[in-house]
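Reader: I'm new to this one. Could you show it to me and let me ask about it piece by piece?

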Amino acid sequence: MPDDTPTDRAAPSASLTIERVAHRYGGSVALEQISVDVAGGELLSLLGPSGCGKTTLLRIIGGFIRQSAGRILVGGQPVDHLPANKRTVGIVFQNYALFPHMTVARNIAYGLEARRTPHAQITARVAEMLAMVRLEHLRDRLPRELSGGQQQRVALARALAVRPSILLLDEPFAALDKNLRLDMQIEVKRIQRLSGTTTILVTHDQEEALSLSDRIAVLNQGRLEQLATPTEIYDRPASLFVNRFVGTANMLPGVLVSADAGGSVVALDDGTRIAARAPTEKLIPGDPVAVCIRPEHLRMVPSGEGIRGTVEMGLPLGATIVHEIRTLSGHAIKIAEPRQTGMEPRLAGSAIALLPTQPGAVGVFRPAAPS
Amino acid sequence: MPAYELRLAAPLAGFFALFFLAPLAILFYVSLQNGAGLDLSHYARFLFDPFSLGVLGRTLLLGAEVTALCLLLGFPLAWVYVRSPGWLRPVLMLAVLLPLLTSVVVRTFAWIVILGRQGIVNSALLSLGFTDTPLRLLYTEGGVAVALAQVQIPLMVLPLITALSRIDTNLDDASLALGAGAWRGFWRITLPLSLPGIVAGGLLTYAAAITAFITQSLVGGGQMLFMPMYIYQQATALQNWPFAAAISIVFLAAVLAVVSVFNALGRLSRTHADA
Ligand SMILES: Nc1ncnc2c1ncn2[C@@H]1O[C@H](COP(=O)(O)OP(=O)(O)O)[C@@H](O)[C@H]1O
Ligand SMILES: [Mg+2]
């Protein structure tokens, strides 16, 4: 029968291997040679700006488009020859794609019916899923009678009802307003833990990726820039792109003075020398570099040392206080410090000097190609 | 509803009153005329006459056949249109609309040429050896239905395109990802969600098919009598205006009945789809 799925009961928490997957749309390259290993039960985010190829990769995993090169393995088995309806991959679309003419319960039952699950089991599983997403009281509603968050939970329940080995979430929170988004992020994380399903979350929201993921794959223009844990991505970004895309970064031009495995020294364009992390890219002394320091990794020092500049604006943001500084060589940088009770912003125009809190907080990268 | 919206509809309402309701009232009045008095005798004559009832039944059946044919041919066409790339759409749309851009008379004579004893279909069948004697295609109900379906396909396809393009393409993918095959997706998702288009298209083709005087008469020939021709004969050849008026009213009532059955079916299947 066409609807039968051979791997009906594929165990949840299968591993996923993306092996040198590349994709072209006509002549334009959407993905180049992406390789990612996702462990069973892991939640991995694909993070990157719009147009970087996240949806393309997700649709390749789901079997909706055939990659130009490379392989996809689920639980160690290649699945490239399987059409979308034979892969045990659950997917939650950005707009949820609930069947508008079916009730919540019918939506959740759809995949089970397609697998010819016995009626009694369907009823039991639907009830179980409704309980998991806490929507028992809405089982007979139509999707249009639900709020955005409720629709999303139905979409999640529908995808998980068939016990997929991989769960794919395409920008699942983008359509929700901010308060609801946080609730739903917690909810999705809870449900993902509960079901133990290997999950790929696509997002362009770095905070979302940082807070939800076990690991993050940062994509840029179809290339994998870095694959690491959220703290690693934030603390030791592998490229200028990652440093600027994840969190905020002050960027200053400089020249590499020396570098070894333990660290490096750069000279900024105003002559200041700063100790930094060892570069992750191939750079030799004398190369022009981009120096990245996050606002919270700067401190004010007595003038005479460090990067000198003047205060342009001070913003007391409750728990932190942010100053916008114009350096002597004309670059705008931000510094964020914890704000003590009664602390007021410095006056605009006052002269100050800044230094990084520690060499490990300073990244040195190949400068962005002029665009 | 604010008053100005009603006022905007007033010209249309006036138009309808003058050119539709008033003639209808006159028609009804004429249908009651019997000698000097007024009665329902013409209606009785129609409703107890097997011949007249046969014409009515055949006409309603013809509408159903044409509608079914249009749906069968039009659905795949609309489906292809909705899924085709942008540059192809104007070409397909032109192909869809082409029947409407040709004159009825020209088109009908073309069908006579195609379906005739020496026509294209017959000579093809003969030379391919599928048959020894020419088939009778012209002047048959099948021939009339095909000729009508050809011109009325746009009336089915256009509402279907509207309905199908409203369906989120992610629904197909969601259905696939849940393990359903293409057929299950079609029956459970695409078809129920395109019902409004099917109902609208069905009503249009049905109404157009049963009233298509020229095609019915020319392709049907003298042998096949349908309601429009029947009314025409009674009115002009026999000068029996009251009876022609009564037939018209009966025809109208029958069509309205069919239309409301169709509408009810549409509503019913829509609620059933999610039962
Ligand atoms: N069907 C398509 N045909 C041609 N190009 C496409 C198609 N889908 C996406 N692209 C292109 O591929 C690139 C990656 O797209 P996508 O995977 O949708 O990115 P993201 O989801 O990260 O925003 C983009 O440059 C986009 O314009
Ligand atoms: Mg996308």
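Author: What follows is a short round of questions and answers. This is a predicted model, where local features need pLDDT of at least 70, side-chain atom pairs count only at pLDDT 80 or more, and totals for chains, interfaces and linings use all residues. Residues are numbered from 1 along each chain as its sequence is written, chains are lettered from A and ligands numbered from 1 in the order in which they are written, and side-chain values use heavy atoms, with hydrogens and water left out.

Reader: Which helix gives the most to the shell around ligand 1?

Author: The residues around ligand 1 (each with a heavy atom within 4 Å of it) include A:Pro49, A:Gly51, A:Lys54, A:Thr55 and A:Thr56. Helices are DSSP runs of H or I with at least four residues, strands are runs of E with at least two, and both are numbered from the N terminus. With three residues in the shell, the top giver is helix α1 (residues 54-62) of chain A.

Reader: How much of ligand 1's accessible area does the protein cover?

Author: Start with the polar contacts, meaning pairs of N or O atoms within 3.5 Å. An oxygen atom of ligand 1 is 2.6 Å from a side-chain N or O atom of A:Thr55, and a polar side-chain atom of A:Thr56 is 2.4 Å from a ligand oxygen. Of the 560 Å² that ligand 1 has on its own (by the Shrake-Rupley method with a 1.4 Å probe), the protein covers 54%.

Reader: Why is one side of β2(A) and of β5(A) left without a neighbour in the sheet?

Author: The open sheet runs in the order β2-β1-β4-β5 in chain A, with antiparallel pairing; strands pair if DSSP finds at least two bridges between them. One side of β2 (28-38) and of β5 (77-78) of chain A is free because each stands at an edge, with a single partner strand.

Reader: What angle does α1(A) make with β1(A)?

Author: Strand β1 (residues 16-25) of chain A pairs with β2(A) over seven bridges, and A:Leu16 stands opposite A:Val38 there. Helix α1(A) packs on this sheet, touching β1, β2 and β4 (69-74) of chain A, where contact means heavy atoms within 4.5 Å. Axes are lines fitted to C-alpha atoms, for helices over the stretch in contact, with angles from 0 to 180 degrees between N-to-C directions. For α1(A) and β1(A), the angle is about 120°.

Reader: Which residue in the turn between β9(A) and β10(A) has a positive phi?

Author: Strands β9 (residues 215-220) and β10 (residues 223-228) of chain A run antiparallel, joined by five bridges. A:Asn220 has A:Arg223 as its bridge partner. Two residues lie between the strands of this hairpin, and the one with a positive phi, of about 45°, is A:Gln221.

Reader: How many nonpolar residues has the contact of α4(B) with α7(B)?

Author: The axes of helix α4 (residues 89-97) and helix α7 (residues 141-165) of chain B come within 9 Å and cross at roughly 145°. B:Met93, B:Val96 and B:Leu97 in α4(B) meet residues of α7(B), including B:Pro154 and B:Ile161. Ala, Val, Leu, Ile, Met, Phe, Trp, Tyr, Cys and Pro count as nonpolar, Asp, Glu, Lys and Arg as charged, and the others, Gly among them, as polar. The contact has no polar and no charged residues, and its nonpolar count is seven.

Reader: How far apart are the C-alpha atoms of B:Arg188 and B:Leu137?

Author: B:Arg188 is in helix α9 (residues 182-193) of chain B, and among the residues that B:Arg188 touches are A:His101 and A:Glu113. B:Leu137 is 51 residues away along the chain, and the C-alpha separation is 38 Å.

Terms used:
A polar contact is a pair of N or O atoms within 3.5 Å; within protein, one must be able to donate a hydrogen and the other to accept it, and residues adjacent in sequence count only if both atoms are side-chain atoms. Lists of a residue's contacts leave out its neighbours within four places in sequence.
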